[in-house]
Amino acid sequence: MTLISLVVPCYNEQASIPIFYQTVEKILTTFANNSGHYQWEYWFINDGSTDQTLDELEILNTKDPNRVHYIDFTRNFGKEAALLAGLTQADGQFVGVMDVDLQDPPELLPKMIELLKTTDNDVIATQRTDRTGEPKLRSWCSDKFYHLINRISNIKMRSGVRDFRLMRRSVVTAIISLPEYNRFSKGIFNWVGFKTTYLPFSHRDRVAGKTHWSFKQLFSYSLDGIMDFSAVPLAIASWIGILAFITSILGLIFIVSRALIYGDPTIGWPSLVTIILMVGGIQLFCLGIIGKYISKIYLETKHRPLYLIKKER
């Protein structure tokens with residue numbers, strides 16, 4: 001009997017949880033009745049929700065204690081921590097990651113299970129083929145992020161690929177073996193390798209509630225991804241410094257030459273102040289890039305846990 005574990009991070013999703021459970025149960029029950037030899041379990045991760053999410057999880061656990069399990073964090077640690085916690089607890093030979101808002105179509109689960117069972121693929125991932133209903137600026141920025149990170153990183157990431165995927169136990173073991181504190185799952189999923197097939201699907205709206213990802217959070221998350229999987233920003237800071245140095249040398253040669261030839265000393269403190277401010281801004285920009293990497297090193301050296309569990313069922 002093959003056990004399938006579904007890891008489902010939750011943050012203020014009290015309205016989505018019952019709908020998610022009923023929908024997935026119906027699909028997997030029908031699939032298991034037709035194909036047999038499958039069991040499944042849920043690992044819901046309550047990531048410091050401030051609504052009634054925990055109450056909904058407790059209701060489901062009481063109703064179906066053999067299948068429904070949950071972890072309650074002491075506070076909000078973020079989706080990356082929730083994913084790691086769920087993957088660590090999951091016992092299945094096949095382990096899936098899904099969003100509870102049903103933007104990840106559960107109808108794909110039977111096909112994903114069959115592909116993993118009958119082929120030599122290690123991961124069956126999903127890829128959204130359109131961004132209908134999403135703000136144009138967010139879609140544009142997302143596309144540019146993937147274009148940029150694929151240019152500056154050795155780890156290639158496809159645009160539109162979701163966290164929604166089904167993995168063999170060997171892949172999960174590899175993912176949770178990575179000890180880093182700063183985690184960017186989209187990059188980690190690709191970094192560990194393994195043979196992966198992508199299933200396309202069209203955009204879906206949330207079944208309830210609203211997204212908790214603001215544009216600012218997504219932008220910060222994208223910067224984390226770039227710095228976690230590329231050292232090019234450090235190289236850019238170095239090249240900016242070199243370019244500024246060469247420019248200053250050329251400027252010095254020009255000023256001295258003009259003074260020797262025309263006997264006209266350079267005047268004008270406003271231009272001098274402007275240049276000083278420009279050079280100072282470049283230096284602060286480069287220091288900011290270096291400081292961001294140093295801050296990540298600082299967090300890694302603390303060896304703090306990625307999450308703390310208040311309750312587990």
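**Figure 1. Pairing of β4 with β6 in the predicted model.** Strands β4 and β6 are antiparallel partners, joined by four bridges. Phe94 has Arg168 of β6 as its bridge partner. Along β4, Phe94 and Gly96 point one way. Val95 and Val97 point the other way. These four residues are all buried.

**Figure 2. Pairing of β4 with β1.** The two strands run parallel, with four bridges between them. One of the partnerships links Leu6 to Gly96 of β4.

**Figure 3. The open sheet of eight strands.** Strand order is β7-β5-β6-β4-β1-β2-β3-β8, and the pairing is mixed. β7 and β8 (309-312) occupy the edges. Each has a single partner strand, so one side of each lacks a neighbour in the sheet. From one strand to the next, the twist averages 20 degrees. The protein as a whole holds ten helices and eight strands.

**Figure 4. β2 beside β3, with helices on the sheet.** Five bridges pair β2 with β3 in the parallel sense. Asn46 has Asp72 of β3 as its bridge partner. Helix α1 packs on the sheet and touches β1, β2 and β3. The direction of α1 makes about 165 degrees with that of β2. Helix α6 (residues 169-176) also packs on the sheet, where it touches β4 (94-97), β5 (123-128) and β6. The direction of α6 makes about 115 degrees with that of β6.

**Figure 5. Contact of helix α1 with helix α4.** Helix α1 spans residues 16-35 and helix α4 spans residues 109-118. Their axes lie 10 Å apart, at an angle of about 45 degrees. The two helices are therefore oblique to each other. From α1, the contact uses Val24, Ile27, Leu28, Phe31 and Ser35. From α4, it uses Leu109, Pro110, Ile113 and Glu114. By type, the contact residues are seven nonpolar, one polar and one charged.

**Figure 6. The largest nonpolar core.** This core has 33 residues. Phe20, Tyr42 and Phe44 touch the most other members. At least two residues come from each of β1 (2-10), α1, β2 (38-46), α2 (53-63), β3 (68-73), α4, β6 (161-168) and β7 (196-201). Helix α1 gives the most, with seven residues. In soluble globular proteins, nonpolar side chains tend to be buried together.

**Figure 7. Surroundings of Phe44.** Leaving aside residues up to four places away in sequence, Phe44 touches Val8, Cys10, Phe20, Leu57, Leu60, Val68, His69, Tyr70, Ile71 and Val100. Apart from the largest core lies another core, of 26 residues. Its members include Ala81, Leu87, Val97 and Leu178.

**Figure 8. Helix α3 and its burial.** Helix α3 covers residues 79-89. Eight of its eleven residues are buried, so the helix is largely enclosed by the rest of the structure. The buried residues are Glu80, Ala81, Ala82, Leu83, Leu84, Ala85, Gly86 and Leu87. Across the 313 residues of the protein, buried residues make up 41%. Among contacts between residues at least 6 apart in sequence, 82% join residues at least 24 apart.

Notes
Residues are numbered from 1 along each chain as its sequence is written. This is a predicted model: local features need pLDDT of at least 70, side-chain atom pairs count only at pLDDT 80 or more; totals for chains, interfaces and linings use all residues. Side-chain values use heavy atoms; hydrogens and water are left out. Axes are lines fitted to C-alpha atoms, for helices over the stretch in contact, and angles run from 0 to 180 degrees between N-to-C directions. Angles under 35 degrees count as roughly parallel, over 145 as roughly antiparallel, 65 to 115 as roughly perpendicular and the rest as oblique. Contact means heavy atoms within 4.5 Å. Ala, Val, Leu, Ile, Met, Phe, Trp, Tyr, Cys and Pro count as nonpolar, Asp, Glu, Lys and Arg as charged, and the others, Gly among them, as polar. A nonpolar core is a set of buried Ala, Val, Leu, Ile, Met, Phe, Trp, Tyr and Cys residues joined through side-chain atoms within 4.5 Å. Buried means under 20% relative accessible area, exposed over 50%, partly exposed in between (1.4 Å probe, protein chains only). Two strands pair if DSSP finds at least two bridges between them.
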